[in-house]
Structures are given as structure tokens and as C-alpha cells.
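This briefing goes through one chain, starting from a single residue and moving out to the whole. The points are grouped by topic.

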Amino acid sequence: MANHKGLISDVDLRSRENNSAHRTREIDQKRLIVRRGQPFSITVQCNGSLPPKHHLDLVLHLGKRDEVEIKVQKVHGAGDKWWFNQQGAQDEMLLTLHSPADAIIGQYSLAVLLMSPDGRVLEKKDKMSFHLLYNPWCKDDVVYLPDETQLQEYIMNEEGIIYMGTWEYIKSIHWNYGQFEDYVMDICFEVLNNSNDALRDSQMDIEQRFDPVYVSRIITAMVNSNDDRGVLTGRWTEPYSDGVAPYRWTGSAPILRQWSKAGVRAVKYGQCWVFAAVACTVLRCLGIPTRLITNFSSAHDVDGNLSIDFLLDENLQPLESRGGRDSSWNFHCWVESWMRRDDLPKGNDGWQVLDPTPQELSDGVFCCGPCPVTAVREGNLGVKYDAPFVFAEVNADIIHWIVQRNGQRRKIRVDQTTVGRNISTKSVYGDFRDDVTVQYKYPEGSKKEREVYEKAGRRVTDVLSDSSEPGRLQLSIKHAKPVFGTDFDVIIEVKNEGDQDAHVQLTMLATAVTYSSLYRGNCQKQTTTVMVPAHKAQQEVLRLRYDDYAQCVSDDHLIRVKAFVEAPGENEPLLTVTDIPLSRPDVFIQVPGKAFVREQVKASISFTNPLPVPLKGGVFTVEGAGLLSSTKIHVSGDISPGQTVSIVVSFSPMRTGVRKLLVDFDSDRLKDVKGVTTVVVRKKYRNIFAEITEFY
């Protein structure tokens, strides 16, 4: 090397130009971040021309200890190798690097070598690095998605909507995915680097990262912390005092940053929508098209029999300790990622279910998927990964049993239609809901549905009673949409289709539950004898007062009402169950005037206490991708009934575009109150004639 010191004076990675062409400038403009299968160029500055027959070589390394080495070829190979071509003369050369469409993703170190005619290294310019991501715009990449509208949503959009509530009363919250926020990409690779596979054999792990099936499976395992150095610890009941309650999060970036800053220690706490949202952030950042899915009335079938069994005592109280671990959640969130499955037979490409919520082990690890959505719809349960579990989540039966005092079980209700309702995701065309249920299952009662059920081994007949005669009594529950903090009525109607009057005993029980069906306590119970005339209906009212439910209602604000009827002459008793969500007030946000990048903006935020009691410990949490990092503002003193509190938050937007400002309010008695507003951030610049504004 001594004979040619300083011939290579500089290497310019052309980060700004390359990142713009590779759609990564939102991540960073100073560091080089490119996508595989798409060429990028660097410039080599020399002190004079290269000596005759001398040439440049490029060498890439991956891993903290350079575990993987790649020598970049000078000629175009078969498409599965890195190669480069060279243009220019005299003291400047433009080198264009071509990565294969199945290249390993990760952080690469780059070395430019000056080589002698006999193959000796005369000079070396290294200590340069760049990141390579998946490329859904590249036709040869297995994550290729041909629809640009979908790519703008499932890769580029940093904001999203998560659907929650019940299948009858769907609500939504806004979420800040923030996949392009500062250092989020670095943390995403830190997540991969701390997986059990990476810690066990880093070289083998790195070499597998070309495959989105492998990487997405690692991510679903690492978002939860059940058996690794994962990001989030799950908790489904209070207290949350040693962490952050799941409902208080409004974005993924604060969670990922806290995990990294704490030395990859799990963040407390998450529930299904938080796990799914963090996974969505990581997968979008890495370049895999991903969307968040909500399955309403979602089954958790532990034993794989496609049946969710609920055991009740004779007072309709749940016997959780004797009912196994089967459960039915009001809603459950997972993600779908788009990829071609070269490891499976044809017909399994496209959207793949990935569920990072720790529920059951998959090959010894708490993760789920990727499972082709088409395999779920067609009942192909032998397909990798976890198809039987996902199939049950959208298709299982719900069976209620009463356990009598002598220990005998009495089957009182079989529901084959409730599970897997209104499966939802945010539309690519705006802030509204798309129903994707038909992608998971055929229409209820259709011939095709029955064929799928038979293939999967699920019952298709109601085995509740030996009698083929329909019951003469019908039982239903009706209610308005109550507001948390108010008294409200629930109407139970018994309808008699028979020719004779019916004397029935009606039991009505209201309990507080979580969205995952955990029992929290009784709110109200009422038993009465009702005479229902032939061909008539009789209604009874169950009055629920704020004082009845305030002390036991969960942070999910759900009341479960059961109505149970026994009547002489009926073959079986009747049971019907409904979950009533209690709506909460809104946080109001105003951002007056126009917003410009790097200029101060003020947001006025207000909230009115709707409860008949004071609120203590009020706190607002404000954040927005490209606007400001997560910020907490505490309210001084109590908030009296009917009192309005207002705050002003100042911030300077960091990036242009259409942005969402998200606000969460929490207190001792009222939690998870959300607000959102849109902020259009413009770029401002001047010329000598006038001030011009431009909006991207």
C-alpha cells in the first residue's frame, strides 16, 4: 500500500440522492439507506487517474464481527449476486452497485479497495456503512406489492387507525406508528440482533435475513418478552403502577425507544393492540407491507377442538378455575404482512397473519405466523405456521355450560356464528374501516362454508337438544348506547311463539369484564317470575346506575349482561349474552393558523369531566409523527364534575406533510380518553421577490 498512499481521497455515498430514489429519505437524509433489488450509486474521488491495469474492488461485510463477507462482482452475474459497474475518468468515478432482490437486509460496511494488476491490495478506504431494506417496489422481491396506493398506506403511512370495542359497537383509536421517526430503524435492527436466534448463532441468523418469513417470525417473537429479550411485557389486569397502562400508549416509537434506552429491557405494559401496533411499525420500517387487523369476537382455543367452553355455576357466575384456558375476546388485534411464500405450495402467497401477542407456543416460542389468510379461508390447516390456531380464532364454536351442584354439566347454549365478526382494517383511501371478513371465511350458512368446516373438522350442527322442534320461547337483550358516568336501562325481552301462556323464571345478571373476558365483579342482579301471553312478548328492565358499576368496571368500560330463562315444558333453558361498551367523552384539540416546518405551533387542548364525581391525577399525553415526541402534561388539582380543563402545547414540526396530533387523557376514575386532529405542515422558503409557501 505504501506506493499509492492517498490515491483514493474520498468516497461520497450520495445519501440524499439515493435515499430519495429508494423512498427512504423520511428515515434519514444523511445516512445511506437503500432497498434491495434497486441500484444505487456512489462517487469515488481520486488524486489523479488510476495507474494502468489497476482497478477498484468493493467488499461488503455484515455483522458486528464482520461474520458475513460479500465480494462485489464487476460483471452482471445471474441476478443472485452483488455486482457493480463503473463510469468516469480522471479524478472522479461513479460506481453503481446492484444488489440482488433476495439480498440480506441489515447494516453493511463498505470497503473500496485499490488493487494492483497481480491482485494485491494497495489502498483501502473503509469505515463506511449503509442499511439495506426489503423492497416492495421491486418485482423480483418476494415482498413485491404492485399497488402503489397500498404501498403508500402499508409502507409509507406513519399514522393508522385501530378498531376496538365489540362487533356490534365498533370504535376506533388513532395510532402513531412512527416507522420513520429518528433512530426507529436502528432500534428495529437492534430488535433482530437481540433475538434468541441471533444470540445463539449470529452468522446463521444474519444469513437467514434475506427471507421475510424468517424475519417476520422473529419479530412476532421479539415484540413480546415471554421467552426472550423482547420489547413488551403483557398485562391484562391492574395494577399497572410499575409501568404504563396499555391504554395510555398512543404510538410505537416511545415504546421502542424506552426498550433500547433501558438496555433492551422489556417495557411495561402491552395488550393485543399495542403488540400488533409495535410489530406493524417494525415490519413497515424494514420494508414489508403490513396492516393491522382487528378480529371481533375472537376465540382463543387452547386445546385445538374448535370449541370455546364457558362454565357457569347455577347463579350464572363464571367458573374460571374449572373452565380451562379457552376464552373469547371482544376483539383481538394482529397484523397481516404481504409476501410470496416460496416455502409453501402455490396459492399461499399474499397476506400472512402474524400475531405477536403471547398466547400459545409455536415451535417452542411465543409467536404466531406467518399464516396465509387464504389457508384460513380454505381450511388448509396443515400449512405453516399455526393455521389451526388462527382458523379457530375466526371460526370456533362458543358453548355455555351450567355446572350443577352435583358436578354434572348441562349444555345450555351453542353459538356457531358469533366468532370472527366484522374483521376490520383501516382503508387505504382514508380514515375509515374496511371489512375483510370475506378474506378469512365464506358467508355464514353457505355451502362453501360447510365444506371448509368439514375439511377442518369443525361441527356444523347444533347438538344442544335431542328434539328437532324449535323452542316456543325466544330471549333477547336490547339497550341504547350508554355513556360512562350515567345511569341506563337494559331491556330483556321474552317472546312467546307458542299457543299457550308461559310462566318463566327470568334471571338477569350484569357483570364487569375486560375486553378479554376476564370477570371483574357483579354490577347488578335481578330474578323475577314473568307471565308471557301466547304470541306476545314481555319486557323486563334491568336498571344499571353509575354507583353500581363504577367500582368494578374495568379500564375497558365493558358491562356483560346475561339473561337466563327456565320454563316448564321447555326442553332446555335459554341463555343470551351481550356485552355493552360504555362510551367515553372526547378530548378537543385546536391548532389555529398554518403550520410550517421548524416554526413554532400552538395546540389548544381541552377536556370536560362528565362524571358526577371529581377526577384526580389528570394527565394529558401528546405526540405526533413528524410533529413532536411523546410529551406529558399534568393537570394541577382536582377536576370537578362538569369542569373544563384546558392546556396549550407548543411544538415545532420536524417534517412536512399531512400529520396527526394524538392526545390521551387519563385520571383516577376516567381513563383512555382520546383526541386527534390533522395538522398540515408546509415548507417555507423565500426568494428576493416574495415569500412562497409550498406543501408536499
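Leaving aside residues up to four places away in sequence, Ser327 touches Ser298, Ala299, His300, Ile308, Phe310 and Ser516. The model is predicted. Two of these partners, Ile308 and Phe310, are on one side of strand β15 and are buried.

**Ser327 and its surroundings**

- Ser327 belongs to strand β16, which covers residues 327-339.
- Ser327 counts as buried because its relative accessibility is 11%, and the cut-off for buried is under 20%.
- Val302 is 25 residues from Ser327 along the chain, and the two C-alpha atoms are separated by 8.5 Å.

**Strand β15**

- Strand β15 spans residues 307-312 and is mostly covered, with six of its six residues buried.
- Neither face of β15 is left open: Ser307, Asp309 and Leu311 are buried on one side, and Ile308, Phe310 and Leu312 are buried on the other.
- Strand β21 (residues 397-403) runs parallel to β15, and six bridges join the two.
- Within this pairing, Ile308 stands opposite Ile398 of β21.

**Nonpolar cores**

- The largest nonpolar core holds 103 residues, and those with the most contacts inside it are Ile162, Trp175, Ile219, Ile255, Trp273, Leu286 and Tyr440.
- Helix α8 (residues 272-286) supplies the largest share of this core, 13 residues.
- Another core lies apart from that one and has 59 residues, including Met508, Val561, Ala595 and Val681.

**Backbone exceptions**

- Most residues other than glycine have a negative phi, and most peptide bonds are trans, so departures from either pattern are worth listing.
- The peptide bond from Gly369 to Pro370 is cis, with omega near 5 degrees. Pro370 sits in the loop between β19 (365-366) and β20 (371-372).
- A cis peptide bond also leads from Lys384 to Tyr385, where omega is near -5 degrees. Tyr385 is in the loop that lies between α9 (373-378) and α10 (387-395).
- Ser517, a residue other than glycine, has a positive phi, near 70 degrees. The loop between β27 (502-513) and β28 (519-532) contains Ser517, and its relative accessible area of 14% makes Ser517 buried.
- Asp672 is not a glycine either, yet its phi is positive at about 60 degrees. Asp672 is placed in the loop between β38 (657-666) and β39 (673-686), and it counts as buried at 10% relative accessibility.

**Helix α1**

- Glu17 is part of helix α1, which covers residues 15-21.
- With a relative accessible area of 44%, Glu17 is partly exposed, because that value falls between the cut-offs of 20% and 50%.
- Glu17 and Phe40 are 23 residues apart in sequence, and 9.0 Å separates their C-alpha atoms in space.

**The chain as a whole**

- The chain has 13 helices and 40 strands.
- Along the principal axes, the C-alpha atoms fill a box of roughly 110 × 60 × 40 Å.
- Of the 696 residues, 56% count as buried.
- Among contacts with a separation of 6 or more, 68% are between residues 24 or more positions apart.
- The exposed area of the chain is about 29800 Å², of which carbon and sulfur atoms supply 46%.
- The chain carries 82 positive and 91 negative charges, and the mean positions of the two sets are 4 Å apart.

Terms used
Residues numbered from 1 in each chain as written. Predicted model: local features only at pLDDT ≥ 70, side-chain atom pairs only at ≥ 80, totals over all residues. Heavy atoms only, no water. Buried < 20%, exposed > 50% of the residue type's maximum accessible area, 1.4 Å probe, protein only. Helix = DSSP H or I, 4+ residues; strand = E, 2+ residues; numbered from the N terminus. Pairing = 2+ DSSP bridges. Core = buried A, V, L, I, M, F, W, Y, C linked by side-chain atoms within 4.5 Å. Contact = heavy atoms within 4.5 Å. Areas by Shrake-Rupley, 256 points an atom, 1.4 Å probe, with all protein chains shown as cover. Lys, Arg positive; Asp, Glu negative; His and termini not counted. Charge placed at Lys NZ, Arg CZ, Asp CG, Glu CD.
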